[in-house]
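Visitor: Please show me the protein, and then let us go through it by question and answer.

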Amino acid sequence: MLGGFPAREMIAGWLKAGIFEAGKGFAPTGEGTPQGGIISPLLLNIALHGLEEAAGVRYRGGIHAGTVKDGCPALIRYADDLVVCCHSRQQAEQARARLAEWLEPRGLAFNEAKTRIVPVTEGFDFLGFNLRRYPNGKLLIKPGATAIKRFRERLAKEFRALRGANIAAVLAKIVPITRGWVACYRTVVSARVFAALTGYLWKLTCKWACWSHPNKPKRWISGRYFGKFNKFRNDRWVSGDRDTGACLPKPAWTGIVRHTLVQSGASPDDPAQARYWAQRRQKVKPPLDSCTVRLLSRQDGRCSLCGENLLTRDQPPQSPQGWERWFLQVTRKAITADYLVHHDTPSAARSHRTHLVHATCHRSRNQPRTAGNTVMQRTN
């Protein structure tokens, strides 16, 4: 199956390299791949290479390179999930037949329970998103109903598991989950969904607080767990920790940032296009608070003391779980753990403005004074 695929010797060696299992040690891999192994998506992309041509997709050349020719179907694939956009039902049935014939010699077949031919006016779900063309002619992409339901169920489950825990534990668990899901869906039509989830999250938080203090009046509970924790917003119903000042950000606070299409043929693995991807990553704002994003943009994402990047320049995650790990591994280490800190310098001079630095650079320079979750200091 590898045929003349690039780096086939490396892939073949990877398949036979064996694996280490926790508590079991080394295990050889004479055949097959481990369940959920990271090589599985790679093998799948190799096996499905050429799927577009089999579906009848044809592209223009010249100045219109990368655009589909008129009358041809368009195919979008992510691992083994795919959508074929056709001009008629007849064309869709023909594309399905061609793809089934192309998959058969590779030992693959469509999952008939998940394979449908539907008009775009009816809409369909793909990768957690719902795509539908409405009567006014607009094609809108929204979070899928299944994805919303799954997220709400997870929030309810986590809050039930946190009964008996303090507010610090609640924030440590819920904040990455919420911000990760919102960051994943902030590029589509999600404003109403975010507003609805804000109300649902508030109800769960209030329910948790009442369960934690069944003998306390509602006024005492609201005074303890709700207030103006976000100094940039005039909202006194923000849940947070009065000891540290940390709060639970509301999904409705997240602004919608439209996704910018990737240039045709651009690959992050192509060294010749490294500059294009670096410029693209600079333009994509991380899903942080507006103050931090503004400071990061002003500093070109670099520490003003050492000149190194404040946040990693990796590709942004592609799923809610990926964004959740991003907040846990990057944001927490960078901000909450004080690897990235604010310097409080209200002076107008450029060298004395508020700026972001690594906490390691900050500690090596002066002894900090702490304020909540942020280290603040005046520069000389």
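**Burial, sheet and helix**

Visitor: What percentage of the residues in the protein is buried?

Guide: This is a predicted model, where local features need pLDDT of at least 70, side-chain atom pairs count only at pLDDT 80 or more, and totals for chains, interfaces and linings use all residues. Residues are numbered from 1 along each chain as its sequence is written, and side-chain values use heavy atoms, with hydrogens and water left out. Buried means under 20% relative accessible area with a 1.4 Å probe, protein chains only. Of the 380 residues in the protein, the buried share is 33%.

Visitor: Which strands stand at the edges of the open sheet β5-β6-β7?

Guide: Strands are DSSP runs of E of at least two residues, helices runs of H or I of at least four, both numbered from the N terminus. Two strands pair if DSSP finds at least two bridges between them, and the pairing in this sheet of 3 strands is antiparallel. Two of the strands have a single partner each, so one side of each is left without a neighbour in the sheet; these are β5 (124–126) and β7 (139–143).

Visitor: Which residue in β6 stands opposite Phe 124?

Guide: β5 and β6 (residues 129–133) run antiparallel and are joined by 3 bridges. Opposite Phe 124 in β6 stands Leu 131.

Visitor: Which elements do the buried residues of α5 pack against?

Guide: Helix α5 covers residues 145–161. Its buried residues include Ile 148, Phe 151 and Leu 155. With contact meaning heavy atoms within 4.5 Å, the buried residues of α5 pack against β7, α6 (167–185) and α7 (191–212).

Methods:
Buried means under 20% relative accessible area, exposed over 50%, partly exposed in between (1.4 Å probe, protein chains only). The expected span of a helix is 1.5 Å times one less than its number of residues.
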